[in-house]
Structure formats: structure tokens, C-alpha cells
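Let's walk through this model together, starting with its overall layout and ending with a few individual residues. Have the 3D view open as you read.

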Amino acid sequence: MNRKSPLIRISPCGEIATSPQGAALPTEPSLMRSGGITVATPWQAEVARAAGIDRILVANEVVDSAGIRSVADATDHGTEIYCWVDSLEGVSALADGARDRPIRVLVEYGRPGGRTGARSIGDAQNVADAARSDARLELCGVSGFEWTYGPDRSPEARRGVVDFLRQMEELLA
């Protein structure tokens, strides 16, 4: 992806917020210094927007037409919203739904046998190339979900997470 000094942002999980009042709870100064808030769905992003949060990560590939319309609407109204893409089909679907402004995307890097994400550096690079080549999208980096390497702090889980992050760094090179 050719970034010389990658910016790392951590976005606290806001998936449990199902109302604007609940979504507003984490909008303290520490959140505003972070990468924003992470949600799972475009609907949850709408709730976060209603709470005044203007930097949102949808930590999933958005492929349904209603979800894509929601993301495009948020983008067109100035919300800094990002979606994950992990397939060429996902890139095409999001690009086809973009309107006035490009939709910001992060390539989701996964692991072989995992539940989501491009499963190899080569697959992730192909997704990145497709996103980069479409003016309706803005490729902003790489993202991933490290929990699948182990929900604890065992040496094995820690090695898995470190290896995963090194592979993500390789993807950025």
C-alpha cells in the first residue's frame, strides 16, 4: 500500500450502543483523541452519527444496498466513516453505491481458516489494488481482527497476534 509511516488508530468498540444516548457514552476526550468508534453495522453507524460521533469504523464488509446507501449518505454529509473490504466483490459493491464523495475503505486482513478478511498477503494486495484503482473509493489502509488468535494472553496467542501484525505491516509496505 506504500505508506512510509503508517498511522495506527485504535477505535474503541461501540457495538453495544443501540440508541443515540448509549452511543454518546464513550464520547469523552479519550475517544476524540482515538480513532473514533467501532461499530459492526451501518445501522449502528447511524446511531453513532445521531449521537454526534463523526469518526466511525464499520468493522465489516458492507455489501447490502441499504447499508451501502447509509454509508454513502454519511460520507456525503461529512462523517469520517470507514468500511472494511476483503473481497473484489465487496470493492465493486461499495464503489457502485458511492455518490458525491469517495467511500473510505480499509482492507481487512484475515488469516487462513479465519472467519473474515482476505486470507493471504496476495489476496489482500489484490483487494487493495482494486480499491485504489477505483476513484469512487479512497483506500486508507489495512485493518484486522486479532482476537481469532486467542482470547487470552498466553504465549501462543501473543505470538499469533505479533505475527499477524507483522503480516499487516508487510501489506502496508
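Two strands count as paired if DSSP finds at least two bridges between them. Keep that in mind at the C-terminal strand pair, where Glu108 stands opposite Ser143 in strand 5. The model is a predicted one, and the pairing in it can be followed strand by strand.

First, the overall plan. The chain has 7 helices and 5 strands, and along the sequence they follow the pattern α-α-β-α-β-α-β-α-β-α-β-α. Of the 173 residues in the chain, 44% are buried. Among contacts between residues at least 6 apart in sequence, 64% join residues at least 24 apart. The chain exposes about 9,500 Å², and carbon and sulfur atoms supply 51% of that area.

Now to the sheet. In what order do the strands of the open sheet come? The order is 1-2-3-4-5, with parallel pairing among the 5 strands. Strand 1 (37-39) and strand 5 are the edge strands, each pairing on one side only. From one strand to the next, the twist averages 30°.

Let's cross the sheet from the strand 1 edge. Strand 1 pairs with strand 2 (residues 55-61) in the parallel sense, over 3 bridges. Here Thr38 has Leu57 as its bridge partner in strand 2, while Val39 has Val58. In a regular strand, side chains alternate between the two faces of the sheet. Helix 3 (residues 42-50) completes a right-handed β-α-β unit with strand 1 and strand 2.

The next step takes us to strand 3, which runs parallel to strand 2 and is joined to it by 5 bridges. One place to look is Ile56, which stands opposite Ile81 in strand 3. Strand 2, helix 4 and strand 3 form a right-handed β-α-β unit.

At the other edge, strand 4 (residues 103-109) and strand 5 run parallel and are joined by 7 bridges. Together with helix 6 (residues 121-132), strand 4 and strand 5 make a right-handed β-α-β unit. Is strand 5 largely enclosed or open? Of the 8 residues of strand 5 (residues 137-144), 7 are buried, so this strand is largely enclosed by the rest of the structure.

Two helices deserve a look against the sheet. Helix 5 (residues 88-97) lies across strand 2, strand 3 (80-85), strand 4 and strand 5, and runs at about 150° to strand 3. Helix 6 lies across strand 3, strand 4 and strand 5, running at about 170° to strand 4.

What about the nonpolar interior? The largest nonpolar core has 36 residues, and those with the most contacts inside it are Ile56, Leu94, Ile103, Val105, Val107 and Leu137. Leu94 gives a good view of this core: leaving aside neighbours within four places in sequence, Leu94 is in contact with Val62, Ile68, Cys83, Val85, Ile103, Val105 and Leu137. Apart from this core lies another, of 6 residues, including Leu57, Tyr82, Leu106 and Cys140.

Finally, three residues reward a closer visit. Thr79 sits in the loop between helix 4 (65-76) and strand 3. Why does Thr79 count as buried? Its relative accessible area is 7%, and buried means under 20%. Not counting residues up to four places away in sequence, Thr79 touches Arg49, Asp54, Ile56, Ala74 and Arg104.

Ser87 lies in another loop, between strand 3 and helix 5. Ser87 is buried too, because its relative accessible area of 16% is also under 20%. Beyond its neighbours within four places in sequence, Ser87 is in contact with Glu61 and Val127.

The last stop is Gly144, which belongs to strand 5. Leaving aside neighbours within four places in sequence, Gly144 is in contact with Trp84, Glu108, Tyr109, Phe164 and Met168. The C-alpha atoms of Gly144 and Leu106 are separated by 9.0 Å, and these two residues are 38 residues apart along the chain.

Technical notes
Residues are numbered from 1 along each chain as its sequence is written. This is a predicted model: local features need pLDDT of at least 70, side-chain atom pairs count only at pLDDT 80 or more; totals for chains, interfaces and linings use all residues. Side-chain values use heavy atoms; hydrogens and water are left out. Buried means under 20% relative accessible area, exposed over 50%, partly exposed in between (1.4 Å probe, protein chains only). Helices (H or I, at least four residues) and strands (E, at least two) are DSSP runs, numbered from the N terminus. A crossover is right-handed if, with the strands pointing away from the viewer, the path from the first strand over the helix to the second runs clockwise. A nonpolar core is a set of buried Ala, Val, Leu, Ile, Met, Phe, Trp, Tyr and Cys residues joined through side-chain atoms within 4.5 Å. Contact means heavy atoms within 4.5 Å. Axes are lines fitted to C-alpha atoms, for helices over the stretch in contact, and angles run from 0 to 180 degrees between N-to-C directions. Accessible areas come from the Shrake-Rupley method with a 1.4 Å probe; for residues, only the protein chains shown count as cover.
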